[in-house]
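Reader: I would like to learn how to read a fold element by element. Where do we begin?

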Amino acid sequence: MENIIVSACLLGVSCRYDGKSKPNEDVIALKYKYNIIPVCPEIMGGLPTPRVPSEISGERVINSEGRDVTEEYKKGAEETLRLVDMFGCKKAVLKEKSPSCGCGAVYDGTFTKKLIDGNGITSKLLAENGIEIFGEKNIDKL
């Protein structure tokens with residue numbers, strides 16, 4: 001079976017900023033078709049769970065307290081890419097809207113729930129390295 005990177009929160013791991021998960025049964029069912037490699041780039045970048053929510057603002061990632069956490073997000077993205085390379089992954093299923101995993105749309109940095117076109121730090125790095133990215137709502141295209 002092919003190896004695939006999957007956001008751990010979509011598998012039921014309580015690693016989101018609020019200390020919760022977002023299990024998605026369609027994503028979990030991928031275990032019958034792929035070898036799943038779970039990741040949480042934010043934790044892999046050194047951020048705690050729970051943590052202050054963050055959003056992308058321009059080229060930076062800023063948390064709701066005004067702290068710049070860009071370096072932690074970049075480190076998490078690099079660690080995820082290391083796993084992609086180690087396990088020979090060609091695809092990833094990532095949590096939509098996340099500042100690390102978001103694909104196609106992310107929050108705009110104002111903490112008002114407004115979405116803008118764009119990708120999270122990890123999804124952008126993976127895409128730049130040839131990895132096909134899917135959000136949890138479009139895994140039917142896998």
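**Reading the model**

Author: At 0% relative accessibility, T122 counts as buried. Keep in mind that this is a predicted model. T122 lies in helix α4.

Reader: Which residues does T122 touch, leaving out those up to four places away in sequence?

Author: Its contacts beyond that window are P41, G76, A77, T80 and S100.

Reader: Which residues of α4 are buried?

Author: The helix spans residues 121-128, and T122, S123 and L126 are buried. These residues share one side of α4, because they cover an arc of only 95° around the axis.

Reader: What do the buried residues of α4 pack against?

Author: Two helices and two strands. They are α2 (41-44), α3 (70-87), β5 (91-94) and β8 (132-135). Then look past the end of the helix. Just after α4, G130 has a positive phi of about 85°.

Reader: Now the sheet. In what order do its strands stand?

Author: Read across the sheet, not along the chain. The order is β2-β1-β5-β8, four strands in an open sheet with parallel pairing. The edges are β2 (34-39) and β8, each with a single partner strand, so one side of each has no neighbour in the sheet. From one strand to the next, the twist averages 25°.

Reader: How many bridges join β5 to β8?

Author: Four, and the two strands run parallel. For the register, take one pair: A92 stands opposite I133 in β8.

Reader: Which strands does α3 touch as it packs on the sheet?

Author: It touches β1 (2-7) and β2. Its direction makes about 165° with that of β1.

Reader: In what sense do β3 and β4 pair?

Author: Antiparallel. Strand β3 covers residues 54-57, strand β4 covers residues 60-63, and four bridges link them. S54 faces N63 in β4. The hairpin has two residues between the strands, and G58 there takes a positive phi near 70°.

Reader: Next, charged pairs. How many salt bridges does the structure hold?

Author: Seven. For each pair, read the distance, then the burial, then the place in the chain. Begin with D18 and R16, whose side chains meet at 3.4 Å, N to O.

Reader: Is R16 buried or exposed?

Author: R16 counts as buried, because its relative accessibility is 15% and the cut-off for buried is under 20%. D18 has a relative accessible area of 30%, so D18 is partly exposed.

Reader: How far apart are the closest N and O atoms of E79 and R82?

Author: They are 2.9 Å apart, and the two residues form a salt bridge. Now place them in the chain. Both lie in helix α3, three residues apart, about one turn of the helix. E79 is partly exposed at 23% relative accessibility. R82 is partly exposed too, with a relative accessible area of 47%.

Reader: And a pair that spans more of the sequence. Where do K95 and E136 lie?

Author: First the contact: their side chains meet in a salt bridge at 2.7 Å, N to O. K95 lies in the loop between β5 and β6 (105-107), and E136 in the segment after β8, so the pair ties together parts that are 41 residues apart in sequence.

Reader: Are K95 and E136 buried or exposed?

Author: Both are buried.

Conventions. Residues are numbered from 1 along each chain as its sequence is written. This is a predicted model: local features need pLDDT of at least 70, side-chain atom pairs count only at pLDDT 80 or more; totals for chains, interfaces and linings use all residues. Side-chain values use heavy atoms; hydrogens and water are left out. Buried means under 20% relative accessible area, exposed over 50%, partly exposed in between (1.4 Å probe, protein chains only). The arc is that of the directions from the helix axis to the C-beta atoms. Contact means heavy atoms within 4.5 Å. Two strands pair if DSSP finds at least two bridges between them. Axes are lines fitted to C-alpha atoms, for helices over the stretch in contact, and angles run from 0 to 180 degrees between N-to-C directions. A salt bridge is a side-chain nitrogen of Lys or Arg within 4 Å of a carboxyl oxygen of Asp or Glu.
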